[in-house]
Amino acid sequence: MKVAILTGGGDCPGLNAVIRAVVRRGEQHGLEFTGIREGWRGLLENNHFRLTREAISGILHVGGTILGTSRTNPFKKEGGPERVIQTLAENNIGAVVAIGGEDTLGVAKRLFDRGVNVVGVPKTIDNDLSGTDYTFGFDTAVTIATEAIDRLHTTAEAHNRAIVCEVMGRHAGHIALHSGMAGGADVILIPERPIVLDEVCQYLRTRLARGKRFSIVVVAEGAQLQRGKDEVQTQELDEFGHVRLGGIGAYLAKEIERRTGIETRATVLGHIQRGGTPTARDRVLATRYGVFAADLVKEGRFGQMAALHGDAIVAVSLEEATKALHLIDPKLYEVAEVFFG
Ligand code: F6P
């Protein structure tokens, strides 16, 4: 059987490790592969190339994706789903391995409902996908953010400043909470908890009173002020209806300085969190997901996604994986709060 592999949505360290694992395991099962260029767009435009063991050699540790990616939603295009199904039929493609987050896998689920044989692999630095404990790419993003926070600490201390570090994560605070805890942040602000500016400032004043003249505030890009924060996000929407987030860090830095008199700077880590080589943990997780996805295809278990439960790789339905966002467990936030101020 010929199987298509695609990577959709924002790129993420470990995509190439999954592609390599799917092809290596799949070839052992006698499957043949074609790589779809730039996510669902490649199936709309019949744009793909043969993926062999030689083509995926040497990519385990490389960031980005050899397939390219896009945020294309076939369900937003006139006749889109029909074109995807036609491309698959014309090329004799019997199954698709879709590597993506809630948007890409949401499309996969809807195509499965229309009879397409799809298997999913959970990708995103945001770790906001249900049905799995962890997505690959998250560990790398947290590692990069933690190293950045360590670096911000020394410069903040040297200048007696507060530094606000804005990290990615969309509407979930996983990157902020994990990197903030690992990096010893003095306050961590996440989308799941509205920001109370008076509280934030009070934590910094308490530190000042204890002789700590520098502070690190980690804020998730999707964190919101208690009264709503339209002023710090663009109104631009992508094909999945998401606004582009960003700006909360600069806003907070200005407000903290105004309210406390502490000199404050903002640093936005941005796409640095997504680029470059995956951590060892992400390479292993991506490899396990890829091998399992190839097994699912061989066994004809479509409409399923590879998932991590504890330390076991299991199958969950695409429906379960995409029905709600995986948000922060309040108990973990309570642990982080012990170290605020
Ligand atoms: O979903 C991954 C992510 O990096 C989010 O954390 C962030 O909000 C978004 O993608 C940024 O998207 P883009 O690469 O389109 O700017």
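These notebook entries follow the largest pocket and the ligand in a predicted model.

**Entry 1, the pocket.** I began with the volume of the largest pocket, which comes to about 620 Å³. I then listed its lining and found 32 residues, with Arg71, Met168, Arg170, Glu221 and Arg274 lying nearest the centre of the pocket. Turning to secondary structure, I noted that the helix α4 (102–113) and the strands β6 (162–167), β9 (233–237) and β10 (243–245) each supply at least two residues of this lining. When I sorted the lining by class, I counted 7 nonpolar, 11 polar and 14 charged residues.

**Entry 2, the occupant.** Which space does the ligand take? I found that the ligand sits in the largest pocket. Around the ligand I listed Arg71, Ile125, Asp126, Met168, Gly169, Arg170, Glu221, His271 and Arg274. By class, this shell divides into 2 nonpolar, 2 polar and 5 charged residues.

**Entry 3, polar contacts.** I next looked up distances from oxygen atoms of the ligand to N or O atoms in side chains, and for arginine 71 I recorded 2.8 Å. For the side chain of aspartate 126 the corresponding distance is 2.7 Å, while for that of arginine 274 I noted 2.8 Å. I then checked how far the ligand is covered: on its own it has 400 Å² of accessible area, of which the protein covers 80%.

**Entry 4, cross-reading.** Going back over the two lists, I see Arg71, Met168, Arg170, Glu221 and Arg274 named both as nearest the centre of the pocket and among the residues around the ligand.

Conventions:
Residues numbered from 1 in each chain as written. Predicted model: local features only at pLDDT ≥ 70, side-chain atom pairs only at ≥ 80, totals over all residues. Heavy atoms only, no water. 1 Å grid on protein atoms, 1.4 Å probe; cavity = no way out; pocket = protein on both sides within 12 Å on 5 of 7 lines; lining within 4 Å. Points joined across faces, edges and corners; volume = space filled by probe spheres on them. Helix = DSSP H or I, 4+ residues; strand = E, 2+ residues; numbered from the N terminus. Nonpolar A, V, L, I, M, F, W, Y, C, P; charged D, E, K, R; others polar. Near = heavy atom within 4 Å. Polar contact = N/O pair within 3.5 Å; in protein donor to acceptor, adjacent residues only side chain to side chain. Areas by Shrake-Rupley, 256 points an atom, 1.4 Å probe, with all protein chains shown as cover. Sits in = over half its atoms within 2 Å of the grid points.
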